[in-house]
Amino acid sequence: MLRQTKIVNMSVPMELYSQVDKMAKKRDTSRSQILKEALRVYIDEEMRWQQIKIWGKATAKNLKIKSEEDIERIRENYLND
């Protein structure tokens, strides 16, 4: 049967290691579990930001926004409507 996980070795500053260790003890779990959860959160956040950037670029293109002045113009038009 193929292994469903991969072992990853990494170096972290002692302060970060201590924080992870304390959190793992407080939650009664392993450091590995804490780091897996942190990595999942980080990847989810990065994916969300990528989607926001894609949406922002598409919106800027649709609204013909090329500068901060264009944003101000749109904002002024919105406030005056």
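Me: Why does Asp28 count as exposed?

Reply: Asp28 has a relative accessibility of 71%, and a residue is called exposed when its relative accessible area is over 50%, buried when it is under 20%, and partly exposed in between (1.4 Å probe, protein chains only). The value for Asp28 is therefore on the exposed side of the rule. This is a predicted model, in which local features need pLDDT of at least 70 and side-chain atom pairs count only at pLDDT 80 or more, while totals for chains, interfaces and linings use all residues. Residues are numbered from 1 along each chain as its sequence is written, and side-chain values use heavy atoms, with hydrogens and water left out.

Me: What makes the backbone of Asp28 worth pointing out?

Reply: The phi of Asp28 is positive, near 55 degrees, and the residue is not a glycine. Asp28 comes just after α1, in the loop that joins α1 to α2. A second example is Lys64, which follows α2 and has a positive phi of about 60 degrees, again without being a glycine. Lys64 is in the loop between α2 and α3, and its relative accessibility of 62% makes it exposed as well.

Me: How do you know how many helices and strands the chain has?

Reply: Helices and strands are read as DSSP runs, numbered from the N terminus, where a helix (H or I) needs at least four residues and a strand (E) at least two. By that rule the chain has three helices and zero strands, and the order of its elements from the N terminus is α-α-α.

Me: How do you know whether the length of α1 agrees with what is expected for a helix?

Reply: The expected span is 1.5 Å times one less than the number of residues in the helix. Helix α1, residues 14–27, has 14 residues and covers 20 Å from its first C-alpha to its last, close to the expected 20 Å. Helix α2 can be set against the same rule, for its 32 residues reach 47 Å where 46 Å is expected.

Me: Why are the buried residues of α1 said to line one face of the helix?

Reply: The buried residues in α1 are Val20, Asp21 and Ala24. Seen down the axis of α1, the buried residues fall within an arc of 100 degrees, so they line one face of the helix; the arc is that of the directions from the helix axis to the C-beta atoms. On the other side of α1, Glu15, Lys22 and Lys26 are exposed. The buried residues of α1 pack against α2 (31–62), where contact means heavy atoms within 4.5 Å.

Me: What makes the pair Lys25 and Asp21 a salt bridge?

Reply: A salt bridge is a side-chain nitrogen of Lys or Arg within 4 Å of a carboxyl oxygen of Asp or Glu. For Lys25 and Asp21 the N to O distance is 3.3 Å, so the pair meets the rule. The two residues are four apart in helix α1, which puts about one helical turn between them. Lys25 is exposed at 62% relative accessibility, whereas Asp21 is buried with 17%.

Me: What makes Asp21 part of a network of salt bridges?

Reply: Asp21 also forms a salt bridge with Arg31, where the closest N and O atoms are 2.8 Å apart. Because Arg31 lies in helix α2 and Asp21 in helix α1, this pair ties together parts that are 10 residues apart in sequence. Arg31 is partly exposed, with a relative accessible area of 36%. Asp21, Lys25 and Arg31 are thus linked in a network of salt bridges, and the count for the model comes to seven salt bridges.

Me: How do you know how the chain compares with a compact globule of 81 residues?

Reply: The radius of gyration is taken over C-alpha atoms, and the globule rule is 2.2 Å times the number of residues to the power 0.38. For 81 residues a compact globule would come near 12 Å, but the chain has 22 Å. Its C-alpha atoms fill a box of roughly 60 × 35 × 20 Å along the principal axes. Buried residues make up 6% of the 81 residues.
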